[in-house]
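Subject: Handover of a structure

Dear colleague,

I am passing this structure on to you, and I would be glad if you could look through it with the notes below at hand. The sequence and the coordinates come first, and what was found follows.

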Amino acid sequence: MRKKTAAIAAACIAGALAAGLATTSQAAPTTELREDFNGDGYADLATSAPHANFGGKTKAGYVVIVYGSAKGLNPATKTVISKNTAGVPGDAADSDQFGTRLTARDLDADGITDLAAVDSGDGVTVLWGRKGGLTGEQAATLSGPAGTSGDVNGDKLTAGDFNGDGKTDLFATHSDNVEERAILYGPFTRSGQPASEQQVDMFTTDNDIDQVTAGDVTGDGIDDLMTFYAYQNHSEGGRLWRGTDKGLSATAAATALPSAATATTGDFDKDGKRDLAIRTVPGSINEDLPYDPGTIKILYGSADGPGATRTKTITQNTAGVPGTSEKGDQFGARLSAGDVNGDGYDDLAVGVPFEGIGTKARAGAVVQLRGGSGGLTGTGATATHQDTAGVPGVAETNDWFGGAVKLVDGNGNGKAELAASAPQENATGAVWSLPATAFNPVDLGTPAKDARFGQSFANEAGTGLYIP
């Protein structure tokens, strides 16, 4: 029997949730997947404040949804949901950390995006999208198919279409066997039950899954799953699980993947295969990540899996990339793919939350790398921080700007805008939708003190930071 692994990243803000990504055809960029919770055609942004005191409970947490419009994300249209919201199962409790991880996909196949919110106990609350926006109405706890017992564990919850039927499926834990993980096949009922479930043994040693991401990296029109492993403080590489028309393969592909501290996918060279972007683990030792300058590796998609034919390594010392690789910057601590300029090539937003800005240590920045016919390069890369002209606010020590990043097309123009957070801003946290919009709990009228507002966005790769 495989041993249960101790927590790997004790210094993290929280655990990891990989982004749920759409199946991609040759001409379909990441922005085809709209997180549209009210069905108006504009992408919305869901973010968490998991450490906020709410309803008299310490670290009960809440989630804020800001809706898109022709003018972009509009904080005046916010919806705030917690365990105390009418219709949401249960009640707010101390240390719930509701919204620790967020996955946004259309789970019931009604054409409107739904939101799955994970709490610190790894329970999953599903909030159903509807005209007018998210509410707690009919909210459900994610469970197994009819006839099975026990709720689904949301640890590393990841979305994709793993059998190519056009319905959203979820990767989760739903078994007493610690070696198995579940694929829950959609569509889901409004009571939170999937159409069917598949158990897959995903382990060969005593390690545990540290990171997960999904996307069609082989170009066959069906999403694949990539799992990355660690045992205690040692990273132990990754495995590719191919999606097929019969569901996720029960056997990992022969293609071995490197260790990853963060992972996401995007089609950076527009060849119809999603490419895997990871932050590498220095020396495969996780406890060294807080002091790491940061390195990104791109494993380009192919019929044989990511990296089988081509890879690319990018750091802040790569030609064209703003800044310099310095100890503890953690270039690549957070990653998000999307088409920023509407050219059909996915670009990559790279969080550098511990970058020094002038004399302000760990103020943070976001670097955007451009995709093109050859994939991602440093050419045309840009950096954004709170001292960048036009960005609201001022860079300050320990803001951690770039502590979460998301490329989202909030105004429906076919070009993704950058959303970035600074979870330590003014001891409350804040979110920017650039070029000009910023909001925080004080602006929104929500609980503010130590909220870590903006700790993570829906479908963002990872939800944790390694604190130096």
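A strand, as the word is used in this email, is a DSSP run of at least two residues in state E, and strands are numbered from the N terminus. In that sense Thr158 belongs to strand E8, which covers residues 153-160. Please keep in mind throughout that this is a predicted model.

The chain as a whole

The secondary structure of the protein chain amounts to one helix and 29 strands. The C-alpha trace spans about 60 × 50 × 45 Å along its principal axes, and of the 468 residues in the protein chain, 60% are buried. If one takes the contacts between residues at least 6 apart in sequence, 56% of them join residues at least 24 apart. The accessible surface of the protein chain comes to about 15700 Å², with 47% of it belonging to carbon and sulfur atoms. As for charge, there are 36 positive and 58 negative side chains, and the centres of these two sets lie 2 Å apart.

A four-stranded sheet

One part that may repay a look is an open sheet of four strands, which come in the order E12-E13-E14-E17 with antiparallel pairing. Strand E12 (208-215) and strand E17 (256-257) stand at the edges with a single partner strand each, so one side of each has no neighbour in the sheet. Strands of a sheet pair through backbone hydrogen bonds, and the pairing can be parallel or antiparallel.

Following the sheet across, E12 is joined to E13 by seven bridges, and Val212 stands opposite Thr227 in E13. Strand E13 (residues 224-231) has seven of its eight residues buried, so the rest of the structure largely encloses it. E13 is joined in turn to E14 by six bridges, where Tyr231 has His234 in E14 as its bridge partner. The hairpin of E13 and E14 has two residues between the strands, and Gln232 takes a positive phi near 55 degrees there. At the other end, two bridges join strand E14 (residues 234-241) to E17, with Arg239 opposite Ala256 in E17.

An enclosed strand

What is the burial of strand E18 (residues 262-266)? Five of its five residues are buried, so the strand is largely enclosed by the rest of the structure. Both of its faces are covered, with Thr262, Thr264 and Gly266 buried on one side and Ala263 and Thr265 buried on the other. E18 pairs with strand E19 (residues 275-279) in the antiparallel sense over five bridges, and Ile278 in E19 is the bridge partner of Ala263.

Three buried polar residues

Thr158, named at the start, has a relative accessible area of 0%, and because buried means under 20%, the residue counts as buried. Its side chain reaches the backbone oxygen of Lys156 at 2.8 Å. Thr100, in the loop between strand E3 (74-81) and strand E4 (101-105), is likewise buried, at 4% relative accessibility, and the side chain of Thr100 reaches the backbone oxygen of Gln97 at 2.5 Å.

Asp122 sits in the loop between strand E5 (114-118) and strand E6 (124-127), and with a relative accessible area of 18% this residue is buried. Apart from neighbours within four places in sequence, Asp122 is in contact with Arg101, Val152, Asn153, Gly154 and Asp155. Asp122 and Gly144, 22 residues apart in sequence, are 15 Å apart in space from C-alpha to C-alpha.

Backbone details

Most residues other than glycine have a negative phi, and most peptide bonds are trans. Against that background, three places in loops may be worth checking. Lys59, in the loop between strand E1 (45-49) and strand E2 (62-67), has a positive phi of about 55 degrees, and at 32% relative accessibility Lys59 counts as partly exposed. Gln330 has a positive phi of about 60 degrees and lies in the loop between strand E21 (311-314) and strand E22 (334-338), where it counts as buried at 0% relative accessibility. Finally, a cis peptide bond with an omega of about 5 degrees joins Gly186 and Pro187, and Pro187 lies in the loop between strand E10 (180-185) and strand E11 (196-201).

With kind regards

Note on methods. Residues numbered from 1 in each chain as written. Predicted model: local features only at pLDDT ≥ 70, side-chain atom pairs only at ≥ 80, totals over all residues. Heavy atoms only, no water. Buried < 20%, exposed > 50% of the residue type's maximum accessible area, 1.4 Å probe, protein only. Polar contact = N/O pair within 3.5 Å; in protein donor to acceptor, adjacent residues only side chain to side chain. Pairing = 2+ DSSP bridges. Contact = heavy atoms within 4.5 Å. Areas by Shrake-Rupley, 256 points an atom, 1.4 Å probe, with all protein chains shown as cover. Lys, Arg positive; Asp, Glu negative; His and termini not counted. Charge placed at Lys NZ, Arg CZ, Asp CG, Glu CD.
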